[in-house]
Protein chains: 2
Amino acid sequence: METWDAIRARRNVRAYTADPVSDEQLHRILEAGRRAPSASNRQHWDFVVVTDRTRLAELATVWHAAGHIARAAAAIALVLPVPGDDRQAVLDQFDLGQATYAMMLAATDLGIGTGHSSVGDQARARAILGVPDTHEVALMLGVGFPADRPLRPMTKPDRRPFDEVVHLGQW
Amino acid sequence: METWDAIRARRNVRAYTADPVSDEQLHRILEAGRRAPSASNRQHWDFVVVTDRTRLAELATVWHAAGHIARAAAAIALVLPVPGDDRQAVLDQFDLGQATYAMMLAATDLGIGTGHSSVGDQARARAILGVPDTHEVALMLGVGFPADRPLRPMTKPDRRPFDEVVHLGQW
């Protein structure tokens with residue numbers, strides 16, 4: 001898919017078909033995240049990819065709005081080190097946002113939807129995934145083919161108007 | 001450009017040709033940022049786009065590693081509200097990372113390079129851009145055509161190995 005089409009077609013997808021996402025497709029999505037930029041190229045992220053149905057169902061219990069994870073073809077858990085201070089937390093979150101967007105766009109390019117979920121019960125998420133106490137599960141991404149409609153460029157996204165967001169020359 | 005090519009071709013560009021970036025090209029880059037997802041779709045960001053040479057030179061003074069901004073065809077300043085608490089700071093930074101990556105990829109698609117810069121002197125950045133005290137300039141992005149080499153997919157990015165970053169099933 002053309003880049004500009006993918007950017008306009010990406011949306012949150014939380015209802016998935018039963019079709020599997022292949023290892024090659026997952027590899028490409030994860031590779032997009034691996035290639036994302038980060039502060040001083042430190043790449044603080046780790047990605048845990050889950051396709052086992054039992055474990056997906058378990059992951060769906062770590063947050064009240066994580067139900068879609070149980071029905072996804074796969075989930076990618078995005079893991080960060082526990083930040084040493086506020087400055088690290090801010091930089092790591094910015095970088096994770098970049099990596100997450102890269103993965104969502106690589107998935108869109110393949111016609112695959114993604115839907116993020118927060119993590120409420122950190123101890124439980126760590127236990128399910130085997131993540132050590134030095135790290136935390138920052139976010140989960142459900143991955144699967146959209147059950148509703150294909151990913152196509154949107155003409156009227158639900159966003160603030162361009163002229164309100166963008167300031168020319170000065171605020 | 002194909003999405004997968006753009007993802008692999010994006011890199012930090014801090015040396016630019018003298019060629020201008022057209023209004024249409026800037027519009028597309030900014031539109032990519034406007035369309036980025038955010039927590040509860042709150043879109044806390046504002047973007048100030050600068051093309052005036054004098055102002056670009058001024059912006060280059062707000063951080064010791066912002067010299068490339070003076071030589072860019074344009075700069076996009078990414079502005080966030082001053083966060084009310086740590087939770088908001090974390091969410092806003094994650095969202096800004098998504099919007100920034102979207103803009104960098106939209107630029108790559110057009111053959112245009114981007115190079116980010118931190119902001120050290122917040123008061124000075126605010127004064128140059130007319131940003132009110134309720135907001136802060138979180139980041140600047142230099143925008144211009146690469147002076148060194150075109151943007152092409154990289155085969156060996158400087159990143160941690162895939163098998164170290166990605167954990168299959170469990171950490």
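**Close-ups of a predicted two-chain model**

**View 1. Strand 2 of chain B sits between two antiparallel neighbours.** On one side, strand 1 and strand 2 of chain B pair in the antiparallel sense, and five bridges hold the register. To find your place in that pairing, look for Val48(B), which stands opposite Ala77(B) of strand 2. Strand 2 of chain B is also joined to strand 4 (residues 135–144) of chain B, this time by eight bridges, and again the two run antiparallel. A handy landmark here is Ala74(B), whose bridge partner in strand 4 is Val143(B). Is strand 2 of chain B mostly buried or exposed? Six of its eight residues (the strand spans 74–81) are buried, so the rest of the structure largely encloses this strand. As for what you're looking at overall, this is a predicted model, and the predictor gives the complex an ipTM of 0.97 and a pTM of 0.98.

**View 2. Two residues with positive phi share a loop of chain B.** The loop in question runs between helix 2 (23–34) and strand 1 (46–50) of chain B, and Ser40(B) lies in it. Asn41(B) is found in that loop between helix 2 and strand 1 too. Phi of Ser40(B) comes out near 55°, a positive value in a residue that isn't glycine. Phi of Asn41(B) is likewise near 55°, again positive in a non-glycine residue. Are these two buried or exposed? Ser40(B) has 7 other C-beta atoms within 10 Å, so it counts as exposed. Asn41(B) has 12 such neighbours within 10 Å, and it is exposed as well, since the cut-off is 12 or fewer.

**View 3. A five-strand sheet takes strands from chain A and one from chain B.** Reading across, the order is 3(A)-4(A)-2(A)-1(A)-5(B); the sheet is open and its pairing is mixed. Which strands form the edges? They are strand 3 (113–117) of chain A and strand 5 of chain B, each of which pairs on one side only. On average, neighbouring strands of this sheet are turned by 25° against each other, ignoring direction. At the chain A edge, strand 3 pairs with strand 4 (residues 135–144) of chain A in the antiparallel sense over five bridges. In that stretch, Thr114(A) stands opposite Val143(A) of strand 4.

**View 4. Helix 2 and helix 5 of chain A pack on this sheet.** Helix 2 of chain A touches strand 1, strand 2 (74–81) and strand 4 of chain A, along with strand 5 of chain B. The direction of helix 2 makes about 165° with that of strand 1 of chain A. Helix 5 of chain A touches strand 2, strand 3 and strand 4 of chain A. Its direction makes about 15° with that of strand 4 of chain A.

**View 5. The sheet crosses from one chain to the other through a parallel pairing.** Here strand 1 of chain A pairs with strand 5 (residues 166–168) of chain B over three bridges, in the parallel sense. Zoom in on Phe47(A) and you'll find its bridge partner, Val166(B), in strand 5 of chain B.

**View 6. Each chain brings 54 residues to the contact.** On the side of chain A that touches chain B, the elements giving two or more residues are helix 1 (3–9), helix 2 (23–34), strand 1 (46–50), helix 5 (86–109), helix 7 (162–165) and strand 5 (166–168) of chain A. Which element gives the largest share of that side? Helix 5 of chain A does, with 15 residues. By type, the residues on this side of chain A divide into 29 nonpolar, 12 polar and 13 charged.

**View 7. Zooming out, chain A has seven helices and five strands.** From the N terminus on, they run α-α-β-α-α-β-α-β-α-β-α-β. The C-alpha atoms of chain A fill a box of roughly 50 × 40 × 30 Å along the principal axes. With 171 residues, a compact globule would have a radius of gyration near 16 Å, and chain A, at 17 Å, agrees with that. Buried residues make up 50% of the 171 in chain A. Among contacts in chain A between residues at least 6 apart in sequence, 80% join residues at least 24 apart. The mean pLDDT of chain A is 97, with 100% of its residues reaching 70 or more.

Terms used. Residues numbered from 1 in each chain as written. Chains lettered and ligands numbered in written order. Predicted model: local features only at pLDDT ≥ 70, side-chain atom pairs only at ≥ 80, totals over all residues. Helix = DSSP H or I, 4+ residues; strand = E, 2+ residues; numbered from the N terminus. Buried ≥ 20, exposed ≤ 12 C-beta atoms within 10 Å, placed from the backbone. Contact = placed C-beta atoms within 7 Å. Nonpolar A, V, L, I, M, F, W, Y, C, P; charged D, E, K, R; others polar. Pairing = 2+ DSSP bridges. Axes fitted to C-alpha atoms, helices over the stretch in contact; angles between N-to-C directions. pLDDT = per-residue confidence, 0-100. Rg over C-alpha atoms; globule rule 2.2 N^0.38 Å.
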